[in-house]
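Got a few minutes for some structure-reading practice? Grab your viewer and work through the exercises below.

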Amino acid sequence: MNIVPTLEGGLKIEVEASIDWIALERIASDALPGGAQELPTHLGALMDEESEWNELVVPELEELFNDQLQKVRTRIEAAQQEASSPSGGTLFILREEGGDWYGALNQARMALESRYQFGESEDLGAVKEFPPPKRSAYIRNQFYRALQSVLLEHLID
Amino acid sequence: MPIDPQITSGTITEKEDKTATSLAGTWNVLVFDDPVNLMEYVTKVFQKVFGYPRERAEELMMTVHVAGKALVWAGEREPAELYVQQLHSYQLQASLERAQ
């Protein structure tokens, strides 16, 4: 997979193998359990009763976070359908879509962190000792983080 | 039984007064550290939400990162709640506390 900035201020993701599509598809499926479904309540956990946070704000955040995931999923599916082969294709992220992509990736990372508690550890020795599901999740987390950094550098003001 | 409108409205007014009193004063908006949000992102969110210059936003981000939390704004309850709502929409852990 190659990720390059476009002249229009967006990003172009060149998919080179079917595993790349799988990696992109996992964003939404990783995000849903601990992201859109649980994150709004988690974020509001410290708010007092007077604010009526759960009644007034949490539903709005749920809608916002679900919308981010839906947009990303739709964009990936459309790019897959337009691809010339199952192992190739091109996915464009427009400049105005940068916030939605960043948010969706953040939800996925929040959900994975909540489930596996990676912390801020960069110790590769420890990562090698992770059981396979956690190791796989850690690699996806690093991929999402790298994509977020590219979005921050090129798309998000 | 018919409801006495004077008693009903008086009760509501009293409750509203108590709530207004309990929410009056200065409130702090706090942002907490987490292992997911990127430092550059947090800086940009502080610039966008509060209109802080880059240097101020970076300073607050570093306080969050090093101390685990930072007081990012203080003022009346209503705008403070709106700021927390915006911070949550950017997926930052934030809350309110009454200023001492």
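Here are five exercises on this predicted model, each with a worked solution.

**Exercise 1. Check the length of α7(A) against what an ideal helix would give.**

Step 1: helix α7 of chain A covers residues 132-154, which makes 23 residues.
Step 2: the expected span is 1.5 Å times one less than the number of residues, so α7(A) should span 33 Å.
Step 3: the end C-alpha atoms of α7(A) are 33 Å apart, so the two values agree.

Now for burial. The buried residues in α7(A) are Ala137(A), Asn141(A), Tyr144(A), Leu147(A), Gln148(A) and Leu151(A). Their cover includes α1 (18-34) and α5 (98-116) of chain A.

**Exercise 2. Do the same for α4(A), then find what covers its buried residues.**

Step 1: α4(A) runs over residues 58-82.
Step 2: with 25 residues at 1.5 Å a residue, α4(A) should span 36 Å, and its end C-alpha atoms are indeed 36 Å apart.
Step 3: Leu61(A), Phe65(A), Gln68(A), Leu69(A) and Val72(A) are the buried residues in α4(A).
Step 4: look for the cover in both chains. From chain A it includes α1, α2 and α5, and from chain B it includes α4 (77-89).

**Exercise 3. Describe how α1(A) packs on α4(A).**

Step 1: start with the geometry. The two axes come within 10 Å and cross at roughly 160°.
Step 2: angles over 145 degrees count as roughly antiparallel, so that is the label for α1(A) and α4(A).
Step 3: the crossing of α1(A) past α4(A) is left-handed.
Step 4: list who makes the contact. α1(A) brings Trp21(A), Leu24(A), Glu25(A), Ile27(A), Ala28(A), Ala31(A) and Leu32(A), while α4(A) brings Leu69(A), Val72(A), Arg73(A), Ile76(A) and Gln80(A).
Step 5: sort them by class. The contact has nine nonpolar residues, one polar and two charged.

**Exercise 4. Size up the side of chain A that touches chain B by counting residues.**

Step 1: 21 residues of chain A are in contact with 17 residues of chain B.
Step 2: on the chain A side, α2, α4, α5 and α7 each supply at least two residues.
Step 3: α5(A) gives the most, with five residues.
Step 4: by class, the chain A side splits into ten nonpolar, seven polar and four charged residues.

**Exercise 5. Take three loop residues: where do they sit, and are they buried or exposed?**

Step 1: Glu52(A) is in the loop between α2 (39-43) and α3 (53-56) of chain A. Its phi is near 50°, which is positive even though the residue isn't glycine. Exposed means 12 or fewer C-beta neighbours within 10 Å; Glu52(A) has 12, so it counts as exposed.

Step 2: Gln117(A) sits in the loop between α5 and α6 (124-129) of chain A. Here too phi is near 50°, a positive value in a residue other than glycine. With 10 other C-beta atoms within 10 Å, Gln117(A) is exposed.

Step 3: Phe130(A) belongs to the loop between α6 and α7 of chain A. Its count is 15 other C-beta atoms within 10 Å, so Phe130(A) is partly exposed. Leaving aside residues up to four places away in sequence, Phe130(A) touches Arg135(A) and Tyr138(A). Tyr116(A) is 14 residues from Phe130(A) along the chain, and their C-alpha atoms are 10.0 Å apart.

Terms used: Residues numbered from 1 in each chain as written. Chains lettered and ligands numbered in written order. Predicted model: local features only at pLDDT ≥ 70, side-chain atom pairs only at ≥ 80, totals over all residues. Helix = DSSP H or I, 4+ residues; strand = E, 2+ residues; numbered from the N terminus. Buried ≥ 20, exposed ≤ 12 C-beta atoms within 10 Å, placed from the backbone. Contact = placed C-beta atoms within 7 Å. Axes fitted to C-alpha atoms, helices over the stretch in contact; angles between N-to-C directions. Parallel < 35°, antiparallel > 145°, perpendicular 65-115°, else oblique. Left-handed = near helix turned anticlockwise from the far one by under 90°. Nonpolar A, V, L, I, M, F, W, Y, C, P; charged D, E, K, R; others polar.
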